[in-house]
Amino acid sequence: SHHWYIKAKAIQELTVMEMKEFITQLYPYTNNHIELVRMEAQTAIVQFNGFEGLRFLDIITYPISDWQQIKLLQQLSTVPPANIEIDGWLQSANSSVVVFALKLARNYHRFELHDHISACLDHKDPKARLEAIYCLCEIYTDETSDELISRFLKEDVKHQIAMVKAMQNIGSERDVLFL
């Protein structure tokens, strides 16, 4: 169909009927210019393949809305966690992919990604930097508080408040003077 709403409804119905054999036809729609079509296709792929379905994050150019991120995280909560490669997504040109990857790293306690997460503190998108701060509250090392302190004055007030709150959890006695 040429109508976007019919495409979205068809994708939704294929998902409900668990028609996995159409996954190759659905995959291109994960980067469709119509947001609703894109969301339905992404949801379907994750429904069919769990964490492996997130491979669409490698190719998408359109942003993933906050609502879609919530839906995907909720869907993934029902499947057993898999050790997927998140580090590439943390360096994506699509900042919403970076934000989503940070949420995945935080939710699934991917401590081995600490250095990649810390690098996101220098991301050009403020949402990605804020999500990196939230993520470092859960995934931190002894040097994490120093990384936050070194960037503190360069950030806006919202990020500074998040950094101070993070320091409540990850700070040590040597950070008292800063606080």
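Helices here are DSSP runs of H or I with at least four residues, numbered from the N terminus. By that rule His159 sits in helix α9. The model is a predicted one. Its chain contains nine helices and zero strands, so written from the N terminus on, the elements read α-α-α-α-α-α-α-α-α.

**Overall chain**

- The C-alpha trace spans about 65 × 30 × 20 Å along its principal axes.
- The chain has 179 residues, and 47% of them count as buried.
- Among contacts in the chain with a separation of 6 or more, 68% join residues 24 or more positions apart.
- The exposed area of the chain is about 9,900 Å², and carbon and sulfur atoms supply 56% of it.
- There are 17 positive and 24 negative side chains, with the centres of the two sets 7 Å apart.

**Helix α1 and the loop after it**

- Helix α1 covers residues 4–16.
- Its 13 residues should span 18 Å at 1.5 Å a residue, and the end C-alpha atoms are 19 Å apart, which agrees.
- Ala8, Ile11, Leu14 and Thr15 are the buried residues of α1.
- Viewed down the axis of α1, these buried residues fall within an arc of 125°, so they line one face of the helix.
- In general, an α-helix has 3.6 residues a turn, so residues three or four places apart point the same way.
- The cover over the buried residues of α1 includes α2 and α3.
- Just after α1, Glu18 adopts a positive phi of about 50°, although Glu18 is not a glycine.
- Glu18 belongs to the loop between α1 and α2, and with a relative accessible area of 56% it is exposed.

**Asn32, between α2 and α3**

- Asn32 is located in the loop between α2 (23–26) and α3.
- The relative accessible area of Asn32 is 12%, so this residue is buried, the cut-off being under 20%.
- Leaving aside residues up to four places away in sequence, Asn32 touches Val37, Arg38 and Tyr62.
- Asn32 and Lys71 are separated by 39 residues in sequence and by 18 Å in space, C-alpha to C-alpha.

**Helix α4**

- Helix α4 takes in residues 66–76, and its buried residues are Gln68, Gln69, Leu72, Leu73, Gln75 and Leu76.
- Seen down the axis of α4, the buried residues lie within an arc of 160°, so they line one face of the helix.
- Cover for the buried residues of α4 includes α3 (35–49) and α5 (95–107).
- Gln75, a residue of α4, has a relative accessible area of 12% and is therefore buried.
- Outside the residues up to four places away in sequence, Gln75 touches Thr43, Val46 and Gln47.
- Gln75 and Tyr140 are 65 residues apart in sequence, and their C-alpha atoms are 27 Å apart in space.

**His109, between α5 and α6**

- His109 is found in the loop between α5 and α6.
- His109 has a positive phi of about 50° although it is not a glycine.
- Most residues other than glycine have a negative phi.
- With a relative accessible area of 45%, His109 is partly exposed.

**Helix α7 and its contact with α9**

- Helix α7 runs over residues 126–138; at 1.5 Å a residue its 13 residues should span 18 Å, and the 19 Å between its end C-alpha atoms agrees.
- The buried residues of α7 are Ala128, Arg129, Leu130, Glu131, Ala132, Ile133, Cys135, Leu136 and Cys137.
- These buried residues have cover that includes α5, α6 (114–119), α8 (144–151) and α9 (157–170).
- His159, in α9, counts as buried because its relative accessibility is 2%.
- Not counting residues up to four places away in sequence, His159 touches Pro126, Arg129, Leu130 and Ile133.
- Of these partners, Arg129, Leu130 and Ile133 are among the buried residues of α7.

How values were computed. Residues are numbered from 1 along each chain as its sequence is written. This is a predicted model: local features need pLDDT of at least 70, side-chain atom pairs count only at pLDDT 80 or more; totals for chains, interfaces and linings use all residues. Side-chain values use heavy atoms; hydrogens and water are left out. Buried means under 20% relative accessible area, exposed over 50%, partly exposed in between (1.4 Å probe, protein chains only). Helices (H or I, at least four residues) and strands (E, at least two) are DSSP runs, numbered from the N terminus. The arc is that of the directions from the helix axis to the C-beta atoms. Contact means heavy atoms within 4.5 Å. Accessible areas come from the Shrake-Rupley method with a 1.4 Å probe; for residues, only the protein chains shown count as cover. Lys and Arg count as positive and Asp and Glu as negative; His and the chain ends are not counted. The place of a charge is taken as NZ of Lys, CZ of Arg, CG of Asp or CD of Glu. The expected span of a helix is 1.5 Å times one less than its number of residues.
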